[in-house]
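User: I am new to this structure and would like a close look at a single part of it. Please take one residue, describe its surroundings, and then work outward to the elements around it.

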Amino acid sequence: SLLASGEVIKVGSTQYIVQSVDGDPASGELAFFAAKVNASLTHQRYTETVDPNTGNIVQAWTTLNASLPAFGQAVTAALRQADPGLLETTRYLFFVPKTAGVQVMDRLVLSGENLQVNALDEIMLPGVARIQAGQDVRP
């Protein structure tokens, strides 16, 4: 098929993250579930490089994707009851394409707020990464 889990599709001016795709045997068409993109994240990773002029180690947050489409939701008391696997530090859940390469300890920036990736589930939905993010107080 031409459509796969984790892809971002656009319908009109609205973007969606495809969560699952299956063929419908009756019609021969594809049936899919998708979540509406409601957040644009900046994806950053802490890197160390060597300054070629001085030989000093330079540590900095490097932007890997300045506009990562995501479906996100704030963690509420009701969500914590429904999903006991949420970490205590989790403030937001995000679903992003797995191809974005997000890793634990990366930084996501949502509307100027720095968030630390505390947990990552790449099994729940093939092609989609489910991210637990919390406050990031790192410099």
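Analyst: In this predicted model, V128 touches S5, G6, I17, V18, Q19, F95, V96, K98, D121 and E122, leaving aside residues up to four places away in sequence. V128 itself sits in strand β9, and because its relative accessible area is 1%, under the 20% cut-off, V128 counts as buried. T99 lies 29 residues from V128 in sequence, while the C-alpha atoms of the two are 8.1 Å apart in space.

Several of these contacts lead into the closed barrel, whose six strands run in the order β4-β5-β6-β9-β8-β7 with antiparallel pairing. From one strand to the next, the twist in this barrel averages 45°. Strand β9, which holds V128, is joined to β6 by six bridges, and these two strands run antiparallel. One residue of that pairing is V96, whose bridge partner in β9 is A129. V96 is itself in contact with residues from many positions, among them I17, L41, L68, V102, V128 and I131.

V96 also belongs to the largest nonpolar core, which has 15 residues and in which L41, F94, V96, L110 and I131 have the most contacts. The elements that give two or more residues to this core are β4 (39–50), β5 (57–74), β6 (92–97), β7 (107–110), β8 (113–125) and β9 (128–135). V128, by contrast, is part of a second, separate core of five residues, which also includes V37, F95 and L125. As a general background, nonpolar side chains in soluble globular proteins tend to be buried together.

Other contacts of V128, including I17, V18 and Q19, lead to strand β2, which covers residues 14–23 and is joined to β3 by seven bridges in an antiparallel arrangement. Within that pairing, V18 has A34 of β3 as its bridge partner. Both strands belong to an open sheet of three strands in the order β1-β2-β3, again with antiparallel pairing. Its edge strands, each pairing on one side only, are β1 (8–11) and β3 (30–36), and neighbouring strands of this sheet are turned by 50° against each other on average, direction ignored. In the hairpin of β2 and β3, six residues lie between the strands, and G28 takes a positive phi near 80°.

Returning to β9, this strand also holds R130, which forms a salt bridge with D83, the closest N and O atoms being 2.2 Å apart. D83 lies in the loop between α1 (77–82) and β6, so this pair links parts of the chain that are 47 residues apart. With a relative accessible area of 12%, R130 is buried.

The structure holds five salt bridges, and another of them joins R45 to D106, with the closest N and O atoms 2.8 Å apart. Because R45 lies in strand β4 and D106 in the loop between β6 and β7, the pair ties together parts that are 61 residues apart in sequence. R45 counts as partly exposed at 21% relative accessibility, whereas D106 is buried at 2%. A salt bridge also joins R91 and E113, again with a closest N to O distance of 2.8 Å, and it ties the loop between α1 and β6 to strand β8, 22 residues apart in sequence. R91 is partly exposed, with a relative accessible area of 36%, and E113 is partly exposed as well, at 24%. Finally, R107, D136 and R138 are linked in a network of salt bridges.

Notes
Residues numbered from 1 in each chain as written. Predicted model: local features only at pLDDT ≥ 70, side-chain atom pairs only at ≥ 80, totals over all residues. Heavy atoms only, no water. Pairing = 2+ DSSP bridges. Helix = DSSP H or I, 4+ residues; strand = E, 2+ residues; numbered from the N terminus. Axes fitted to C-alpha atoms, helices over the stretch in contact; angles between N-to-C directions. Core = buried A, V, L, I, M, F, W, Y, C linked by side-chain atoms within 4.5 Å. Buried < 20%, exposed > 50% of the residue type's maximum accessible area, 1.4 Å probe, protein only. Contact = heavy atoms within 4.5 Å. Salt bridge = Lys/Arg side-chain N within 4 Å of Asp/Glu carboxyl O.
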